Structure formats: structure tokens, C-alpha cells
Amino acid sequence: MNLTIENVTKSFGDKKVLNEINLEFTTGVYGILGANGSGKTTLMRILASVMKPSSGKVFFNTQDIEVLDQKYRDVIGYLPQHVGVYKSFSTEKFLMYIASLKGLKKEEAKEKVTEVLELVGLSEHRKGKVGKFSGGMKQRVGIAQALLNDPMVLIVDEPTAGLDPKERIRFRNLLSKISTNRIVLLSTHIVSDIEFIAREVLILKEGKLVQKETPKELLRSIKDKVWTVFVDESEIQYFQSKYKVSNIGRDQEKFQLRIISDSKPHQNAQNEIPNLEDLYLYYFDEEVA
Amino acid sequence: MQLLKFELYKMYRQKIIYFTFILLVLFSTGFTFNRITDWEKDLYREWEGPISEEKIQLAHQGNEELTKKMDERVEEDGFVYSETEQTKMGIYETISFIINIEKNANEKLSKLEKENNYNTDLEKAMLKDFDTSYFAYNKGPEKVIDYASVYSIFLTGAMLLIGLSTIYTQEYSSGVDNYILSSKKGRVSLLWAKVSASLIYTFVIVIAWELFNLGWNVFQFGNEGWDTSIQHYFKYYFSPYSFNMLEYHFIQLGIHLLAAFSFAILIVLISSICKNSLIAFFINGAIFATPYLIVEMLMLPNGVEDIFRFSYIYIMNVEFLFDHFKTFNFFGYPILYPVVAIVWMVVVSMALVLVTSHIVRKREVTV
Amino acid sequence: MKKREFENNHVDIDVDKELFELEQEVMIQLDEYDVEFPGESEIMMTVDAIRPYVPVKENIWKTSYEHLSAIVKHSAYEVFHFSPIFWITNSLLLVISLIAIFSVELNPYLAMLFLAPLPTIAGLVEVLRSNNGMAELEMSLKFSWQELIISKLLVVGGFNLLINIIFTISISVLYPDIWIWKVTLYWLTPFTVISAVSLVIVSKFRQIHMVTGTLTIWVVISTLVSQTTIIEHIENLPATFYILVTAFASAFSIIKMIQIYKRGISYEFNH
């Protein structure tokens, strides 16, 4: 099973949101990292077939998804960034509705709804009105609906945005549990979401693909670029203006700065083991400054 | 099937449709209630049957007597008619009215002998097998037919506008469109479900007001006279169609329903294009009401006016299709207006479905 | 049991005697007791000492005036922030209904009656616009959400009022034999009633299709009414009826507004 993106470009007016993207996915979890406005959501939408590329094509098992049409939509599950619900529907009814949209037979749908509700831990809320749910619960309803048709391709756009830490961990485990035999595409700007479960991490920046590697490889690429340095309070300003500072910690009198830099920022600087957070900063510095 | 059920469920959960329906039905009664009395019916019954020379004579005499009586009374104390006399007067008038229908038809026939238009033969043929002479009390059917052509527009129109305008826009505004567009049956199958649900809704609406119509008017004016011809009702005085009230009522309902179906599909289409339910609502409302405003406001030449009359509001009204002999010249071959209307509505509906299915197939989410 | 009671009584008599004497003594003392009246300066000192702790009496009229003027000022600001759709739909609606009414040659009184509340209904859309996620944000702003809603309603109502007044004037110019008070009454009644209804919509239902529903119902019923004999009933209603309805609807609106202002609209309930 593979999903291939060929030369996909999407522009809105003059603005190119996606620029000549080429990618190939096989089974496993793929994390798509990118800042806001990097084109993550657009890419997800194109893969979910709710948007069409301005040029370029997407192939599923070598067949154009536009030609496959409903056959393609039959194998995908999509959780959009903003989870829409019918406020006055109960969870169960809402999921039954989506199941019917996905073409599940009634009996099959009933079983499946029970199953996914169990999976996302909403079993005891099955009669509750979706409109009254908290953001995290709505998100879980969204995840549940995406799983209803046992999708071969699961596309989840910033799924952990509204979740609390406990729910995030639960969701992460859920994803890695179901990711065998599936392509799971997960976009996020929370690095820890994908750190351990992603088979490969894609980095999108201003509509372009900058990196596509396993997390290990990616980390290796910035191996010698993460440093810690102990400085006085008065020096912080200087380092912040000159380097990407990912963290400022206090250690008694001194301050510990974690710095991402191609060169050694200070003679006393010590090399550190990079994590994905550093990687993210390495590519998207603007927001931290 | 499941999808259709859900669409219906969503539609009928809108409480406002029940509220609107009840309110509109209430106002359509005009808050008047007059029940026909038995003696009135009995008076009519004396005259029931085909109108013979003898009856015409009697009516004539009766009329004269009454007029004379009235003149005397006016001089005496100003008192005009008793209720019985009023009813009798009505009967005499109707009879003379009915005689005139045939007279008119015959005059028209002789006039037609001299003409030779593309549609002359058709009109002649229609006027020849034409028998309107059966007289009976028929106020009930008249009222029923009137309700089904005038109030029906408001009821069906308003109910469709309110109930269906949001059929797609609610998906866009609730954000569920993301799921819908990315799911297997979310495009074409869902459209079919929505269209079917809309048609069922339309059908239910029409049946609902028709039941009220029958109940309300038959209870007030009686159930007699369905076999009298439609020309007895003044609106169809010049109609060349030889239908009785019952036949006409069915045809009327049929055409109304067809136009309503087509309008329902149009609303689905507009709703699928618009992101904002309010805009969808206004566009639909405008499409429905504008032809009426144009025809009523502007003094258009007949030919142009008829173009606007082939719009939803007028076809749902049905009246103009049958009130005169009107044909459409199809390469020298005359086609009666009702036929044109039916074909037109079917064609429009199919085109609308095609366009809509194209739109939902290509639909993308917007931000 | 009885015995004990008796004993008790016996003791009581002794106690009573002592008590009586004590009482007498106290009474004499009390009679002689005299509280000295404090001097003027002492009183003033006390008053001055307490003064800081006396809560300032809130002037209800003044504060509500302040609230009101804040709201009105904000309405003036809102006018320029209404979406063009509001103005366009409104003018379109009015033009169409004007033409429609003149084309069926309705009498000017009834024309006013039907036209009067249309802008308010259409304006509700604008008031409800913040429904899309903005409500939560607006609630946290300086002006409370209720205040915002009310100022928007004021704009809509004010605009409607203005239009109606312009209409009244132009009608009185166009038809010289018209009775202005009657015209005023004819539009004031439906206007107040519909305003009351819209307040209910705003506070209870907050859904766009309630607006479209009300609009349709009003337009259709107006047309229906003008087609049937109801019109005569309407014309035959005594003026007091109109006045009563207007008064009732206005009272209802004011109460509802105060309610919205004080308690807010239960956001949870509606979502």
C-alpha cells in the first residue's frame, strides 16, 4: 500500500500555499511538522480529498485518487482541524450518521460505533449531546468518526490541539496501536506528539517540503548544533539576540541557556543531545525570537 | 437508505416548520367560518341535473318575480332579500351563467371557422366535446380548488423555503462538511438522499395542507358537486378544458406537486452553492417571488408575461394554465400550456439535479 | 412525680420572695438613673468618626443613566461596523416590499402595518452574527456581551424607527388626506410586537433560521392577510386595541432588555 504525492501545488490567488510537493508514504505513522501557515492543513485537505490541488496529482496504489473517487474516500479517515458536530445530536446518533455517510450497513455501523467509542473512551457518554461536550471530548468524537470505516489511510490534522496531557498520551498510544497496516498522517506543531511514534517526520515550511527523515536521522542532522551554556542574567539578552535559545533554566546564581547554533556559541558551551523540539526550532525560529 | 433516514430526521427536527405551518394554515382560513345550511342545499337540489329548456324558463320566471318583489319592498320599507330569496337569486344567476358558458363556446366555435392558425383545429376539437350543462350545488369543490391554487402557493412556498434552505448550508456552518466531503457516500449518494428527503418533505407538506383544505372546506360547504364542470367556477369561465371539479382538482394537485418538487430541488442546489444560509434563503425567496412582482407590477405584453408565468410561483398556482385556451407553437404544432408546463418542470428538475451533482462532486472545503 | 412538683412549688415561693425584693430595688435604681445628653460637639465627633464607614448611597438613576449612555454611545460606534449585507438586504427588502405593496394597491395604512417591522427582522441577522464563535470573545471584552447585543439591537431598532418615520412623513405628503396618528399607530403596533419577538429570538433561540422563519412568516402572512377578509377585521379593530398591544409589547421589550442586560443570555444553555 502506498500513497504518492506528485508535484502538488496549491495556490489561492497569487499565494502559493503548497509548492511542488513530492512525497511517498507507506504504512506507518508520519508526522508532519510545520508552523502555522506552512501549508500543513492544505496538504491534509488535499489528501483527504476535500480540496483539489491546483496542479499535480495524488496516487493511491498507483491510481489517481480523483479517478478512484469514492473508492478512495472509502479507505480514508479524516479528522479535520476544526471538529464539526451537530450540536443537538447524541454521540451515538452522530457517529451512526457518519457511519451511514461512510456507507456502513446499519448492523455493522452499530458494532463499529460501540467499538470506536470504547477506543476513545466515550462509552459512557454515548447518549450525551455532542454540543455540550468539552473541546477534548469533541476531539475524541472526531477521532472516533475517522476510525469508523477502518481506514487504510488515516489523516489527522492537529488532533491533539484541544486535549489535556492525559488525553494526549492516550491518543498517542491509540495511534501507535492502530498504525500497523495503515498509513497514518498526523500534522502537528506539538513536537512531542510524534517524537516516539512517527516513523518519519516531514517538515513543511512556507509550502515547501524541507525534510523528510526518520526522527533519528533528523536528530542526527542537528547533532552538533545544540548547546548549553551557563550565563549571568545580564548576558541573556545578548545570547537571545544572536542565537536561537530554546530554553532558559535557572541554576542558582546562573542561568542555563539551551542554544541551537551551527557554531559553538561560547567557549564554555557544552554539546547536548538534541530532541525534536530543538529540531523544530532549528527550522522554525521566527516564533521564538 | 440510512442516509435518507438521517436527512429526514434532521429536516423534521426543525421545530420552526411546525410552528410556521400551523400559523400559516390558521391565517389561510381568513378567520371566517360559515357553515352551509341544509335548507340551502335543499334549494339547490330542486334544480340539480342537466339544465333543460324548461329549467331555464323557470329560472327566468323566478328571477323576474324576485326582482319585482324586491322593487316593491324597496318602496315599502327598504328591506331587501330574505336569506332564502338570496339563495334563490344565486341559483338563478348561476344558471344564466352556465347558459352563457355554452353560448360563449358556440360563438367562439363559429368565429374559429373563419380562422386558420396553427392551433385553430385543436381549439375547435376541444370546444366541440364540451358539456357544462349539469347543474348542482358545488360550493365545496369550488372552495377546495381555490384553496389549492391560491393559499397553496404561500403554504408550499414558505414551508419549502424555511425547511429546505439550510439543507446544505447547515453542513457548511457546522463544519461537518469536512467529514461529508471526505467520506465515501458524502458526495453523490448524500445528494440523492437529500433530494429524496426534500421531495418527501414537499409531498408531506402538500398532503398536509390538502387534508386541511378538504376538511375545512368540505365541512363548511359540503362535499357535493364534484362532477360539475370547472367552467361553473368563474375563474375557469373561459376554459376550454372539459374537466369536472374532481378531475381538475387532481390535475391541479399533480401540477402543483410537480412544480413544488422542482422548486425543492432548486433550493437544494442553491443551498449547496451558498456558504451562508441567509443568502441561500434570500436567493430562493427572490427566485420564487420575483416573477409575481414583475407580472403584477409591470404591464408586460402578453407574450413576455407568459414567459414569467412559467415560473415556480405561477405553475404552482396552476390557474393560468387552464383558464383560457393557450398553446405554445412548437414548429407549427400546438402544445397546450399544461403540457408545456409539465415538460418544462421535468426538464428543469433534471437539469437542476445534474448541475447539483456536478457541484457536490467538485465541491471543496473553504476556510 | 406529683410529690416532687409540690416540693418544687414550695421552693419557688421562697425564691419568688427574694426575687420580688430584688426587683423593687432595681426599679428604684432605674427610676433614678439618668443618661446624660451628649454635647453638640460630641455628637459631631461621633458622626465624623463614623462617616468613612457609611456606604455612599448609590444613585440608581444616575448609574443606570451612565450605563445607558455607554450603551447608546457604543451603538453609535456599532453603526459603522454593521456589515454591508445588513444595509443592502434592508434596502432591497424595503424597495421590493414598497413596490409590491403599491403594485397591489394596498391602502397606505396597511402598507405601513406590513412594512414596519421588516428592517428589525432583517437586522436580527446582524445581531446574531456574533454567534459564530465570537460570542465567547465578546463576553470577555470591556463592554459585556449583553451590552453589545443591546447596543446592536438599539441600532437595528433605531434604524427601523427612522425608516418608519421617513415613511410616515412621505406618506403624509403623498396622500394629503391621511391621518398621521392612524398611520403612526399602524406601524408602531407591529414594530413593537416584532421587536418583542426578536428579543425573545435573540435571548432564547439564537439561530439564523429563526430569523428566516420569522421573516417568511411575516411576509407570507401579510400577503395572505391582504388577500382575504382578515383585512377588514384588522381595519375594524378599535384604536384602543392597537394602543394596548403597543403598550404591552413595549413593556415586554423593556423588561426583556433589562433581563438580558442583568442576567445575560445563558450561553451554556443555547450551545
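This is a short viewer tour of a predicted model, with stops in chains A, B and C.

**Before you start**

Residues are counted from 1 along each chain as its sequence is written, while chains take letters from A and ligands take numbers from 1 in the order in which they are written. Because the model is predicted, local features need pLDDT of at least 70 and side-chain atom pairs count only at pLDDT 80 or more, whereas totals for chains, interfaces and linings use all residues.

**Stop 1: two unusual backbone angles in chain A**

Select A:Asn7 to begin. Its place is in strand 1 of chain A, residues 3–12. Helices (H or I, at least four residues) and strands (E, at least two) are DSSP runs, numbered from the N terminus. Phi of A:Asn7 is near 50°, a positive value in a residue other than glycine. For background, most residues other than glycine have a negative phi. Is A:Asn7 buried or exposed? A:Asn7 counts as exposed because it has 12 C-beta neighbours inside 10 Å. The scale works like this: with C-beta atoms placed from the backbone, a residue is buried if 20 or more other C-beta atoms lie within 10 Å of its own, exposed if 12 or fewer, and partly exposed in between.

Now move to A:Thr62, in the loop between strand 4 (55–60) and strand 5 (63–64) of chain A. A:Thr62 is not a glycine, yet its phi is positive, at about 65°. A:Thr62 is exposed, with 7 other C-beta atoms within 10 Å.

**Stop 2: the six-stranded sheet of chain A**

Next, colour strands 6, 7, 8, 3, 9 and 10 of chain A: in the order 6-7-8-3-9-10 they form an open sheet of six strands with mixed pairing. Two strands pair if DSSP finds at least two bridges between them. Which strands are at the edges? They are strand 6 and strand 10 (208–213) of chain A, each pairing on one side only. From one strand to the next, the twist averages 15°; angles run from 0 to 180 degrees between N-to-C directions, and axes are lines fitted to C-alpha atoms, for helices over the stretch in contact.

Zoom in on strand 7 (residues 153–157) and strand 8 (residues 183–188) of chain A, which pair in the parallel sense over five bridges. To see one bridge, pick A:Val156, whose partner in strand 8 of chain A is A:Leu186.

**Stop 3: the four-stranded sheet and its helices**

Stay in chain A and select strands 12, 13, 11 and 14: in the order 12-13-11-14 they make an open sheet of four strands with antiparallel pairing. Strand 12 (244–251) and strand 14 (270–271) of chain A are the edge strands, each pairing on one side only. Strand 11 (residues 226–231) of chain A pairs with strand 14 of chain A in the antiparallel sense, over two bridges. Here A:Trp227 has A:Asn271, in strand 14 of chain A, as its bridge partner.

Add helix 9 (residues 233–242) of chain A, which packs on the sheet and touches strand 11, strand 12 and strand 13 (254–260) of chain A. Contact between two residues is counted if their C-beta atoms, placed from the backbone, lie within 7 Å. The direction of helix 9 makes about 10° with that of strand 13 of chain A. Helix 10 (residues 276–283) of chain A also packs on the sheet, touching strand 11, strand 12 and strand 13 of chain A. The direction of helix 10 makes about 135° with that of strand 12 of chain A.

**Stop 4: where chain A meets chain B**

Show chains A and B together: the contact takes 25 residues from chain A and 18 residues from chain B. On the chain A side, helix 3 (70–75), strand 6 (76–79) and helix 4 (91–101) each supply at least two residues. Helix 4 of chain A gives the most, with four residues.

**Stop 5: chain C**

Finally, show chain C, which has 13 helices and zero strands. Buried residues make up 29% of its 271 residues. Select C:Ile234, found in helix 11 (residues 230–236) of chain C. C:Ile234 is partly exposed, with 16 other C-beta atoms within 10 Å. How many residues apart in sequence are C:Ile234 and C:Leu110? They are 124 residues apart in sequence and 9.0 Å apart in space, C-alpha to C-alpha.
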